[in-house]
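Reader: Let's go through this model together. I'd like to talk about packing, backbone oddities and pockets.

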Amino acid sequence: MSKPVLYYAKLSPPARAVLLTAKAIDLELELKPINLMKGEHLTPEFIKINPQHTIPTLVDGDAVVYDSHAICAYLVEKYANDDQLYPKDLVKRALVDARLHFDSGHLFARLRFLYEPILYYGSTDCSMDKIAYIQKCYEIMEQFLKNEPYLCGDVMTIGDFCCLATVTSVNEVAPIDEFKFPNVLAWLTRMAELPYYIETNEEGAQELKNLFKEKLAENRGAK
């Protein structure tokens, strides 16, 4: 059986969430890099695969799945040996879904609000209100983690992977105060102990943060 194909970019937090999930379930993917900065996701060939032209995109036989949260759930449902990462129990699954929506609707949305104008449109706006807007998500996460080691309780789920990939992509620009958010920092430390963490997430997260700082300096120099 052929391996599922993942169109991805190391820079992309959503793509890294999928890589984390695949490693956690010991699934080998065929990786096809897409250069977002060169607009390779906007080619007619790629849009034919994914009309939303978003990264990551999974092709698994005749199935095409896009949106990282949907891909993570799909991979666990189809390929994992158990349902720990995405429980079949309705109540437990609803909690994981809530964390996935928290990432897509709040955490990652606020990262994009800050990053995309600078990376793609020459903006110089890295204002404190945008940074504070991201840090408000840390306040919510601090409560999620108040009495639990992971975002959905005592076991790690795909909700952790998706939020992890986003937070580690923005935590230098929007710092995590150790006194205000000790639970968030402890969670990050816990997740960083995964044996596949550096390969699947840390390298790409640092690459994105470096690119953001370079583009911001470049844009400010051009003004």
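Reader: Where does Phe212 fall, buried or exposed?

Author: Phe212 is buried, at 1% relative accessibility. Buried means under 20% relative accessible area, exposed means over 50%, and partly exposed is in between, using a 1.4 Å probe on protein chains only. Keep in mind that the model is predicted: local features need pLDDT of at least 70 and side-chain atom pairs count only at pLDDT 80 or more, while totals for chains, interfaces and linings use all residues. Numbering runs from 1 along each chain as its sequence is written, and side-chain values use heavy atoms, with hydrogens and water left out.

Reader: Ok, aromatics. How many pairs does a search of the whole structure find?

Author: Six aromatic pairs turn up. One of them is Tyr115 with Phe212, which counts as stacked because the ring centres are 4.2 Å apart and the planes sit at 15°. The pairing rule takes rings of Phe, Tyr and Trp (its six-membered ring) with centres within 6.5 Å; planes under 30 degrees apart are stacked, over 60 edge-to-face, and the rest tilted.

Reader: Which parts of the chain does that pair link?

Author: Distant ones: Tyr115 belongs to helix 4 (residues 90-120) and Phe212 to helix 8 (residues 197-222), with the two positions 97 residues apart. Helices are DSSP runs of H or I with at least four residues, strands are runs of E with at least two, and both are numbered from the N terminus.

Reader: And Tyr115, buried or exposed?

Author: Buried, with a relative accessible area of 2%.

Reader: What about Tyr120 and Tyr121, what kind of pair is that?

Author: A tilted one, at 6.3 Å centre to centre and 55° between the planes. Tyr120 is partly exposed at 36% relative accessibility, whereas Tyr121 is exposed at 67%.

Reader: Switching to cation-pi style contacts: what sits over the ring of Tyr133?

Author: The charged end of Arg110 does, 3.9 Å from the ring centre. Another case is Arg190, which lies over the face of Tyr150 at 6.0 Å from the ring centre. The test asks for NZ of Lys or CZ of Arg within 6 Å of the ring centre and within 35 degrees of the ring normal.

Reader: Backbone next. Where's a cis peptide bond?

Author: Between Ile55 and Pro56, with omega at about 5°. Pro56 is in the loop between helix 2 (44-49) and strand 3 (57-60). For background, most residues other than glycine have a negative phi, and most peptide bonds are trans.

Reader: Then which way does phi go at His53, positive or negative?

Author: Positive, near 45°, in a residue other than glycine. His53 also lies in the loop between helix 2 and strand 3, and is partly exposed at 31% relative accessible area. Asp67 has a positive phi too, near 85°. Asp67 is in the loop between strand 4 (63-66) and helix 3 (68-79), partly exposed at 38%.

Reader: Now the bit I'd dock into. How much space lies in the largest pocket?

Author: About 760 Å³. A pocket here is found on a 1 Å grid over the protein atoms alone: an open set of points where a 1.4 Å probe fits, with protein on both sides within 12 Å along at least five of seven lines, and lining residues have an atom within 4 Å of a point. Grid points are joined across faces, edges and corners, and the volume is the space filled by probe spheres set on the points.

Reader: How many residues line the largest pocket, and which lie nearest its centre?

Author: The lining has 34 residues, and Pro14, Ile55, Phe108, Arg112 and Glu116 lie nearest the centre. Elements giving two or more residues are helix 1 (13-24), helix 3, helix 4, helix 6 (158-170) and helix 8. Helix 4 gives the most, with 10 residues.

Reader: How does that lining divide into nonpolar, polar and charged?

Author: It splits into 21 nonpolar, nine polar and four charged residues. Nonpolar covers Ala, Val, Leu, Ile, Met, Phe, Trp, Tyr, Cys and Pro; charged covers Asp, Glu, Lys and Arg; the others, Gly among them, are polar.

Reader: Last thing: which residues does UniProt list for "domain: GST C-terminal"?

Author: The unreviewed UniProt entry lists residues 89-212. UniProt positions follow the numbering used here, feature names are shortened, and annotations may be inferred rather than shown by experiment. That span is 71% helix and 0% strand, with its end C-alpha atoms 40 Å apart. The entry's "domain: GST N-terminal", also unreviewed, covers residues 2-83, a span with 37% helix and 20% strand.
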